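Colleague: I would like to go through this model with you, one point at a time. Please give the reasoning before each value or name.

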Amino acid sequence: LLRLFPNLEAQSLETNLEASSLLGLELHLENIVVKKYTKEHEWIHVEQDLGTIGITHYAQNALGDVVFVEVPEVGTVVEQSGTCGAVESVKAASDIYAPVSGKIVEVNQNLEKSPG
Amino acid sequence: MAFNVSLPMVTIKRNFAAVPEKLKQTPLYNLHNEKRGKMVPFAGWSMPVHYANQGILSEHLHTREYASLFDVSHMLQFRILGKDRIRFLESLVVADIEEMPFGASVLSVFTNENGGIIDDTVICKHADHLYVVSNAACADKDLDHIRTKIGEFQKKGGWVDLKVIDDRALLALQGPLAAEILKKLCDKDLSDFKFMTSRFIHFKTIESHVSRSGYTGEDGFEISVSASSSQRLAKLILGYPSVHLAGLGARDSLRLEAGLCLYGHDLDDSITPHLFDLKNPLGKRRRVEGGFLGADRILAQLKEGVTRRRVGLIVEGAPARENSEIYNSSDELVGKVTSGGPSPTLNKNIAMGYVKSGYHKNGTLLKVKVRNKLQDAKIVKMPFVPSKYHK
């Protein structure tokens, strides 16, 4: 199950992000939460069977001002590495790729209303 | 995410081991770095696409409300000299230079034998020379073309020469506050300084050639100044807190709102002057006499009309970028977008493109294909944002 929140804060682990994928670990009080990164600058935060997807600070900085976000509809089934939306800056559109396969269950509505 | 960038010759490389190209630097290169310009390769130059603490949207809006300073020193500046200079240049462009008064400028195009556009250009007529500015991306092409033609012209006994200006920076100060700021700097009244004219002005002992022109739709000035004084002049102008630096990203979004073409996108050598609808491209004398490259085809088109027209569109949904296809209400392909993106001023997505004649009227409802989805679009008159030239 996937939840798409491309503008969520990513943790300080990202500041050392390189082109290859990194494993990020966060320790929470109750359980260990896993956050992983893809080569294409998406991250996924998995808790039990719910994954939250976002794009990294690095990607957001590279994009600059975000003017439009295209989000998949709730209920869409995505395959790993398939496109699931797009993020647009003033000058360019960039596809978002699903880090894992799953079904979209929730989308951050704010992305369409105020992409910036 | 794939970083698919539509800005020509810009690639955002995530692989830091890539070999950097040897890029030219303008006289303001150090200033850009000092002010945290995000430098990108553009037409062989290292240019700021925007500045770190600002961003394209803020630089764009700031220009429309206050004033912004752009470094456009990468553009080609040159002089045409010699007693036959006007006759010579008129053989290469469609403008009527002969009838221009001294100090006047004109936006025109260099054409080829087929009537296609080689580049767009601004020509300033001075008493003893013609001062010409053209696109950085076309610099080599333009110079080759002009030099070849000079050779032919001289063989026939004509007196003309070309001198590239490679020791001067070009700064563009654009926005409603531009005039007020320059007035303070040079301590002169500029109210009689009309749009598309130029004069020589001293700014605190820095001599410059100033043209009241620009490519943003705002009132503004393009200042040609010696490379050695350019940083000092830029800092003097930036000394006024209402002026911010702005980069090529904002320059592109501003000109799109102003309905102005970008060579290589909205103009290329398949487009003739009449097609892109340059206002008064051909004055009466030039229409009658011809005498420029491609005259036969261009004049024929004036009589017969054209099969496609340049139009402006407001697009619903995601921005429609260059090469997006345009369809009519019966889903037939009728045209293509040549420039498009968000309009920060209008808070809508705008696009410029060409459609089959018949579909070009204002208000025509069409569809644009973006990421395989058809989105509604409507033809509107350009400029999208009204211009504020000091006429």
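Modeller: One term first: buried means under 20% relative accessible area, and exposed means over 50%. The model is a predicted one.

Colleague: Is B:Cys186 buried or exposed?

Modeller: The cut-off for a buried residue is under 20% relative accessible area. B:Cys186 has a relative accessibility of 8%, so B:Cys186 counts as buried.

Colleague: How many disulfides are there over all chains?

Modeller: A disulfide needs two cysteine sulfur atoms within 2.5 Å. For B:Cys186, the nearest cysteine sulfur belongs to B:Cys124 and is 17 Å away. B:Cys138 is also unpaired, because the closest cysteine sulfur, in B:Cys261, is 13 Å from its own. Over all chains the count is zero.

Colleague: Where in chain B is the pLDDT below 50?

Modeller: Chain B has an average pLDDT of 92, and 93% of its residues score at least 70. One stretch of chain B falls below 50, although the model gives this stretch 34 contacts beyond near neighbours in sequence. Where pLDDT is low, the predicted coordinates should not be read in detail. The stretch below 50 is residues 3-17.

Colleague: What ipTM does the predictor give the complex?

Modeller: The predictor reports two scores for the complex. The pTM is 0.87, and the ipTM is 0.79.

Colleague: Which element gives the largest share of the largest nonpolar core?

Modeller: This core has 29 residues, and those with the most contacts inside it include B:Leu69, B:Leu171 and B:Phe221. The elements of chain B that give two or more residues to it include β4 (67-71), β10 (168-174), α5 (178-186) and α6 (227-238). The largest share is six residues, and it comes from α5(B).

Colleague: Which residues of α6 does B:Leu171 touch?

Modeller: Helix α6 of chain B spans 227-238. Leaving out residues up to four places away in sequence, B:Leu171 touches B:Leu28, B:Leu69 and B:Phe221, among others. Those of its contacts that fall in α6 are B:Ser230, B:Leu233, B:Ala234 and B:Ile237.

Colleague: How many residues are in the other core, the one with B:Phe153?

Modeller: That core lies apart from the largest one, and B:Ile86, B:Ile146 and B:Ile150 are among its residues. The number of residues in it is 25.

Colleague: What share of the residues in chain A is buried?

Modeller: Chain A has two helices and 10 strands, in the order β-β-β-β-β-α-β-β-β-β-β-α. It exposes about 6,100 Å², with 50% of that from carbon and sulfur atoms. Of its 116 residues, the buried share is 47%.

Definitions and conventions. Residues are numbered from 1 along each chain as its sequence is written. Chains are lettered from A and ligands numbered from 1 in the order in which they are written. This is a predicted model: local features need pLDDT of at least 70, side-chain atom pairs count only at pLDDT 80 or more; totals for chains, interfaces and linings use all residues. Side-chain values use heavy atoms; hydrogens and water are left out. pLDDT is the predictor's confidence in each residue, from 0 to 100. Contact means heavy atoms within 4.5 Å. A nonpolar core is a set of buried Ala, Val, Leu, Ile, Met, Phe, Trp, Tyr and Cys residues joined through side-chain atoms within 4.5 Å. Buried means under 20% relative accessible area, exposed over 50%, partly exposed in between (1.4 Å probe, protein chains only). Helices (H or I, at least four residues) and strands (E, at least two) are DSSP runs, numbered from the N terminus. Accessible areas come from the Shrake-Rupley method with a 1.4 Å probe; for residues, only the protein chains shown count as cover.
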